[in-house]
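Visitor: I would like to go through this model term by term, asking each time what makes a label apply. Could we begin with the words used for accessibility?

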Amino acid sequence: MALRTTASQTVGPFFHGLLSPGLNNLVGPATRGERITIGGRLLDGDGAALANDGMVEIWQANAEGRYDHPDDVQELPRDPHFRGFGRCGTDAYGVFEFQTIKPGPVAGPEGKLQAPHINVVVFARGLLRHLYTRLYFPGEPLNESDPWLSAVEPARRPTLIAAAEPGGGQRPRRYRFDIVLQGENETVFFDV
Amino acid sequence: MNQPLGYRKPTPGTVPVLLFPAYKSTVKRAPQKEPATVEATLCEVTGPQPTAELFGSASGDLTHFDGGEALGERIIVFGRVLDDQARPVRGALVEAWQANAAGRYANPGDRHEAPLDPHFQGVGRVVTGPEGEYRFLTIRPGAYPWGNSYNSWRPAHIHFSLFGAGLANRLVTQMYFPGDPLLPLDPIFNSVPDPEARQLLVCSLDLASTRPAYALAYRFDIVLRGRYATPMDE
Ligand SMILES: [Fe+2]
């Protein structure tokens, strides 16, 4: 028997009960991998920030490229100190930020590796359903052959590649990833 | 490694159009370009495990916050989480949030001049059982005004967020109450193209599940995208 899937509705402006403390920090002292900060602004078609009413979730593999999930049967080490999920609400400037690690490459179609990336899901007041996108890293050789990047017209690929910001001493490297919902520089979203 | 099997698309007619001008905030926020079409990978068929470590402690009782009882009409909201082949989705994380009985959220951004209730925070979190079942004990939320147009009011609703097994069947939705006269006026409700799919967002009174002399019960079943069983189906 086939059932109709339940319709999506907007997350609305008052989802802050979903933001348990620490949900945007994915790392602990024992987590393996290179510490990074990823963050950016969530912007509308006028370039205006989604102040306090946008929510970003991330899902990623560990430093070796394995997801904390039973369906990931790749022969790669698990990291009991890394779950791979984060959630962050935007602040008054539309800014979101996560403390995480750089993920390893994950197996893709035809035995090829996907480029290291972070899966990003966007929710907001005014978005009637959530949007899927991906954050890729600049200068990765695997970006050239990544199946999802290749599915995007070259002119729009840069919207999926985070910008490395100059590091400061011991601080984790920071990658900037603005998400533009609409307009000229609209971020590429995927039909997942 | 073989490619994992993907998830079926949502049923046609159930997906709101992103640009729905009657809901004013969609106008500048709805993407206008076509989404990129891609093959399923391990990245979307996996997703976070619904642990307390990640999401915080779970409680389905929203009526006892900070040592007292919430004001308003107590209700039980319950149902099953199923996939599109009517199979139970076990171990799904169900988060719910809502306004209090007066129509106000316990949220600093909510400026509606209705009383706050010190004993109602309005957030619940449960994980589905072996038959996909979940249950909340809460307060019937009030309607509230919003700035969409002159004198617009949201019908009473409870927000739901769900994680099935994979990122691909993530769902955020809202549950409404039967017979609410605000429903036909609500652009968020009306953004769902298929009227039958819209009606499935409305819960139904279930007298048999009521706790006598304590709380009425409303059933709300939720259907997530299901996963292909064989590569041939895909
Ligand atoms: Fe609401």
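Guide: Buried means under 20% relative accessible area, exposed means over 50%, and partly exposed covers what lies in between, computed with a 1.4 Å probe on protein chains only. This is a predicted model, in which local features need pLDDT of at least 70 and side-chain atom pairs count only at pLDDT 80 or more, while totals for chains, interfaces and linings use all residues. Residues are numbered from 1 along each chain as its sequence is written, chains are lettered from A and ligands numbered from 1 in the order in which they are written, and side-chain values use heavy atoms, with hydrogens and water left out.

Visitor: Why is B:Ala213 called exposed?

Guide: B:Ala213 has a relative accessible area of 87%, and since the cut-off for exposed is over 50%, the label follows. B:Ala213 is found in the loop between strand E12 (204-205) and strand E13 (216-219) of chain B, where strands are DSSP runs of E with at least two residues, numbered from the N terminus. B:Ala213 also has a positive phi of about 60 degrees although it is not a glycine.

Visitor: Why is A:Asn52 called partly exposed?

Guide: The relative accessible area of A:Asn52 is 40%, which is neither under 20% nor over 50%, so the residue belongs to the class in between. A:Asn52 lies in the loop between strand E1 (35-43) and E2 of chain A, and, without being a glycine, has a positive phi of about 60 degrees.

Visitor: Why are B:Ser161 and B:Val81 called buried?

Guide: B:Ser161 has a relative accessible area of 0%, as does B:Val81, so both values are under the 20% cut-off. B:Ser161 is part of strand E10 of chain B, and its C-alpha atom is 7.9 Å from that of B:Leu93, 68 residues apart in sequence. B:Val81 belongs to strand E4 (residues 74-83) of chain B, and its C-alpha atom is separated by 7.6 Å from that of B:Tyr134, 53 residues apart along the chain.

Visitor: What makes B:Tyr105, B:Tyr144, B:His157 and B:His159 donors of the iron ion?

Guide: Donors are N, O and S atoms within 2.8 Å of the metal (3.2 Å for Na, K and Ca), and water is not among the atoms, so sites may look incomplete. The atoms in question are the OH of B:Tyr105 and B:Tyr144 and the NE2 of B:His157 and B:His159, lying 1.9 to 2.2 Å from the iron ion, so they meet the 2.8 Å limit. In sequence these residues are spaced Y-x38-Y-x12-H-x1-H. B:Tyr144 lies in strand E8 (residues 144-146) and B:His157 in strand E10 (residues 157-163) of chain B, so the pair ties together parts that are 13 residues apart in sequence. B:Tyr144, at 7% relative accessible area, is buried, and B:His157, at 1%, is buried as well.

Visitor: Why is the site of the iron ion called irregular?

Guide: Four donors count as tetrahedral if all angles lie between 85 and 135 degrees, four count as square planar and six as octahedral if opposite donors are over 155 degrees apart and all others between 65 and 115, and anything else is irregular. The angles among the 4 donor atoms here run from 91 to 160 degrees, so the upper value rules out tetrahedral, and the class assigned to the site is irregular.

Visitor: How many disulfides are there over all chains, and how do you know?

Guide: A disulfide is taken to be a pair of cysteine sulfur atoms within 2.5 Å, and by this rule the count comes to 0. Among the cysteines, A:Cys88 is buried at 10% relative accessibility and B:Cys203 is buried at 3%.

Visitor: What makes a space in this model a cavity, and which residues line the largest one?

Guide: On a 1 Å grid over the protein atoms alone, a cavity is a set of points where a 1.4 Å probe fits but cannot get out, and lining residues have an atom within 4 Å of a point. Grid points are joined across faces, edges and corners, and a volume is the space filled by probe spheres set on the points. There are 3 cavities of 30 Å³ or more, and about 50 Å³ of space lies in the largest. A:Asn119, A:Val120, A:Tyr132, A:Thr133, A:Arg134, A:Trp148, A:Val192, B:Glu44 and B:Leu167 line the largest cavity. Strands E5 (117-124) and E6 (131-136) of chain A are the elements that give two or more residues to this lining, and E6(A) gives the most, with 3 residues.

How values were computed: On a 1 Å grid over the protein atoms alone, a cavity is a set of points where a 1.4 Å probe fits but cannot get out, and a pocket is an open set with protein on both sides within 12 Å along at least five of seven lines; lining residues have an atom within 4 Å of a point. Helices (H or I, at least four residues) and strands (E, at least two) are DSSP runs, numbered from the N terminus.
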